[in-house]
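Biologist: I'd like to learn how to read a model like this one, feature by feature. Can we start with whatever sits around the ligand?

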Amino acid sequence: MKKTIAVVPGDGIGPEVMQEAVKVLDAVAEKFGHQFDLVYALAGGSAYEKYGSHLPEETLSICEKGDAILFGSVGGPVSEMQLPKWKDCERNSILTLRKHFSFAVNLRPSRVYPQLQSLSPLKPELVAKGIDLLIVRELVGDAYFGVHKKDVADGERYATDEAKYTESQVKVAVHAAFECARKRRGKLTSVDKANVLTTSKLWREVAEEVAAEYPDVEYENMLVDNCAMQLIRDPSQFDVIVTSNMFGDILSDAAAVLPGSLGLAASASLNKDNFGLYEPPGGSAQDIAGQGVANPIAQILSAAMLLKYSFGLEAESKAIEDAVEASLEEGYRTGEIYSGEAFEKRVNTKQMTEAILRNLEKASVSVCNEKVSVPK
Ligand code: NAD
């Protein structure tokens, strides 16, 4: 397979972890006989320095020409947010990309590795039941895109945010979630607030109609307040969760803390043509940038998601995931996941990648690739 990937490392630890993910992509290409042409582009503060813009036209054009985007992270130190280089950096770059490419769903896996159970903030007996879930968040509807109004009436200030959903927006997200559930453990939980909100009533109605097309997937509805509790009380019950934009925003951040480090999480944003942007959900980690100690796993797993969801390369993606897990099993730990146990080997960014590459080299080459698609 021959594909072009737009590579946007960004700021802070972005370039450090991106060069490690690129090594893994190169190794996969070599091992499985593919050609990935990587075209680099700037975004965030690094782009501002050169172009005076957080998302220059050149970057947009490179992303448009690519078959997928591998994104690092953008943003400056929290204390320098008001400087022009950093002000609104995230909004101007990532949110503009999301809008430009009409990304309809966001996928956020949250998995507690058996080797890292002690890092999870949950009690050991809850973690031992196994936590491996995927949140599918609708991305283009809800209160984020309705009319926002702030005014004064009867002598006091008031504000409104219009929340709107169309049937087709719900269908796209729910179909995508069912497709994911089919490829995982076959269970889907649709989360809403149908006891109060009209948008949620429509969500539930449409989700149940779509469910009839997937009799092989176990389906349930859950109210968002209950889901928030269940994510902490017993997250092992979940396989795939699908929900609206705002609920997904909040629930996916709650689920992101379960594994114990932002350095372990990946994410994907997909549009109807299966074009996607893949990025670690964490930020540019300016507190550790330039030290070579950041965990590259989040960026490497984002590359694995890219192969799976945009290129349909399931076997290659699984080989990367397995190599990451094998490296953790061997005891390799970057600083933020190192707990000082005797069997652990504390390593830097490059050494963690070297362990992953060694394990990738051992993986067998199989050809059972099938595409996961977001329906049109
Ligand atoms: P952050 O996510 O960058 O860091 C939070 C904590 O997690 C830090 O202690 C950091 O060291 C740690 N961390 C994150 N990724 C890590 C990794 N791969 N390995 C080891 N440790 C890791 O959040 P922040 O410090 O609040 O934000 C820093 C900048 O990033 C800000 O400018 C913020 O606006 C921006 N940001 C960008 C994105 C994005 O690009 N999508 C997302 C969130 C924040």
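Modeller: Sure. The ligand has 21 residues around it, and the closest are Gly76, Glu90, Gly283, Ala285 and Asp287. Keep in mind that this is a predicted model.

Biologist: Which backbone atoms lie by the oxygen atoms of the ligand?

Modeller: Look for N or O pairs within 3.5 Å. Here a backbone N or O atom of Gly283 is 2.7 Å from a ligand oxygen. Next along, a polar backbone atom of Ser284 lies 3.1 Å from an oxygen atom of the ligand.

Biologist: And what is the distance from a nitrogen atom of the ligand to Asn295?

Modeller: That one is 2.9 Å, and the partner on Asn295 is a polar backbone atom.

Biologist: Let's do pockets. What is the volume of the largest pocket, and which residues lie nearest its centre?

Modeller: Begin with volume, then go to the lining. The largest pocket holds about 980 Å³. Its lining counts 38 residues, with Glu90, Ile94, Leu95, Arg98 and Glu279 nearest the centre. You've met Glu90 already, as one of the closest residues to the ligand.

Biologist: Which helices and strands supply the lining of the largest pocket?

Modeller: Strand E3 (68–73), helix H4 (89–100), strand E4 (105–111) and helix H9 (245–256) each give at least two residues. H4 has the largest share, eight residues. By class, the lining has 15 nonpolar, 14 polar and nine charged residues.

Biologist: Where does the largest pocket lie with respect to the domains?

Modeller: To answer that, check which domains the lining residues belong to. Domain 1 (1–113 + 259–376) and domain 2 (121–258) both contribute to the lining, so the largest pocket lies between them.

Biologist: How much space is in the second largest pocket?

Modeller: About 630 Å³. There are 24 lining residues, and Arg111, Asp132, Arg184, Lys308 and Glu321 are the closest to the centre of that pocket. The class split is eleven nonpolar, two polar and eleven charged.

Biologist: Which element gives the most to the lining of the second largest pocket?

Modeller: H11 does, with seven residues. The elements that each supply at least two residues are E4, strand E5 (132–138), helix H10 (297–309) and helix H11 (314–329). At least three lining residues come from each of domain 1 and domain 2.

Biologist: Now single residues. Is Glu49 buried or exposed?

Modeller: Compare the relative accessible area with the cut-offs: under 20% is buried, over 50% is exposed. Glu49 has 60%, so Glu49 is exposed. You'll find Glu49 in helix H2 (residues 45–51).

Biologist: Is Ser261 buried or exposed?

Modeller: Ser261 counts as buried because its relative accessibility is 9%. Ser261 sits in the loop between H9 and strand E11 (267–270). Its side chain makes a polar contact of 2.7 Å with the side chain of Glu336.

Biologist: One more loop residue, please. Which side chains does the side chain of Asp234 contact?

Modeller: There are polar contacts to the side chain of Lys129 at 3.2 Å and to the side chain of Ser236 at 2.6 Å. Asp234 is in the loop between helix H8 (224–233) and strand E10 (240–243). With a relative accessible area of 13%, Asp234 is buried.

Biologist: How far apart are Asp234 and Glu125 along the chain and in space?

Modeller: Always set the two separations side by side. Asp234 and Glu125 are 109 residues apart along the chain, with 9.9 Å between their C-alpha atoms. For Glu49 and Met1 the separation is 48 residues in sequence and 36 Å in space, C-alpha to C-alpha.

Notes
Residues numbered from 1 in each chain as written. Predicted model: local features only at pLDDT ≥ 70, side-chain atom pairs only at ≥ 80, totals over all residues. Heavy atoms only, no water. 1 Å grid on protein atoms, 1.4 Å probe; cavity = no way out; pocket = protein on both sides within 12 Å on 5 of 7 lines; lining within 4 Å. Points joined across faces, edges and corners; volume = space filled by probe spheres on them. Helix = DSSP H or I, 4+ residues; strand = E, 2+ residues; numbered from the N terminus. Nonpolar A, V, L, I, M, F, W, Y, C, P; charged D, E, K, R; others polar. Domains from an automatic or database assignment. Buried < 20%, exposed > 50% of the residue type's maximum accessible area, 1.4 Å probe, protein only. Near = heavy atom within 4 Å. Polar contact = N/O pair within 3.5 Å; in protein donor to acceptor, adjacent residues only side chain to side chain.
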